[in-house]
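Hi,

Here's the structure I promised to pass on. Have a look at it first, and then read my notes below.

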Amino acid sequence: MKKILVKGAELEGHFKERRKELATSRVRLRHLYAHQQSLREAERTSVAREIHDNLGQVLTALKMDLSWIAANLPEDNGGLKEKVKADVGHVDKAIQAVKRVCTELRPVILDDLGLGATIEWQADEFQKRTGIKCEVEVNPEDIAVDAELGTSLFRIFQEALTNVLRHAKATKVKASLMRKSSGIMLAIADDGIGITEDQLSKPNSFGLMGMRERVHLWGGKVTIRGVKNKGTTMEVVIPVTTRQRF
């Protein structure tokens, strides 16, 4: 009996040590994830700036030159003027594509006007692109958050809209960004088919995993509920006491 008790104590000590190592490993992984996210956002910002400042300016100059050529060609040019005008149109489309890519990499509005305005802008763009009605409420309208937290919440909102488009079969989305006594709350609800428990627990649901991890880094909580044929609701709450990522 004594040997059994000793062996049991040894096993308990072993399990405690393994649990401690596992907890330490999880903390390290979360710190690594946070570092990778910071690097990714910095790289996105850098690439967007390079594309805008270099390729964007070159295309703008090319458009101006082509427009000048078209305006100064003689009338009897064998259709050359129309060809140049068509090329101006192609360059203009390229300029718009560059703007779109830069915006997707890092919306300037996020740095200039803040999270609330960016959420409203993204919802409007989503509605224009997909035809899915998207309503947003921001309260207070000038809600202010830490820059990195704002980026995290914006990326969560983007991923939520992507999930709506890919899986929900929804016709309408309602979103809200509010400051409450419990913290900053971001909520997104759709009227689609409703996410299932199996979908929520899938190990390859990387979009959901990414959102949960972003929220956890700020000590927050994310709740996702689905009701069959009535839609899905996601609520993210970040504590007001948050000062740095965990």
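How many disulfides does the count come to? Zero. In case the term is new to you, a disulfide is a covalent bond between the sulfur atoms of two cysteines. For the count, two cysteine sulfur atoms had to lie within 2.5 Å of each other. Keep in mind that this is a predicted model.

While we're on cysteines, two of them are worth finding on your screen. Cys102 has a relative accessible area of 8%, and Cys134 comes in at 10%. Both count as buried because the cut-off for that is under 20%.

Cys102 also belongs to a helix you can trace easily, H2, along with other buried residues. Among them are Val84, Val88, Val91, Ile95 and Val98, and Lys81 is on the list too. H2 covers residues 80–105, so 26 residues in total. From its first C-alpha to its last it reaches 37 Å, close to the 38 Å expected at 1.5 Å a residue.

Now zoom out to the whole protein. It has seven helices and five strands. Starting at the N terminus, you'll meet them in the order α-α-α-α-β-α-β-β-α-α-β-β. Of the 246 residues, 32% are buried. The accessible surface is about 15900 Å², and carbon and sulfur atoms account for 55% of that.

One last thing, about contacts: take those between residues at least 6 apart in sequence, and 67% of them join residues at least 24 apart.

Cheers

Methods. Residues numbered from 1 in each chain as written. Predicted model: local features only at pLDDT ≥ 70, side-chain atom pairs only at ≥ 80, totals over all residues. Heavy atoms only, no water. Helix = DSSP H or I, 4+ residues; strand = E, 2+ residues; numbered from the N terminus. Buried < 20%, exposed > 50% of the residue type's maximum accessible area, 1.4 Å probe, protein only. Contact = heavy atoms within 4.5 Å. Areas by Shrake-Rupley, 256 points an atom, 1.4 Å probe, with all protein chains shown as cover. Expected span 1.5 Å × (residues − 1).
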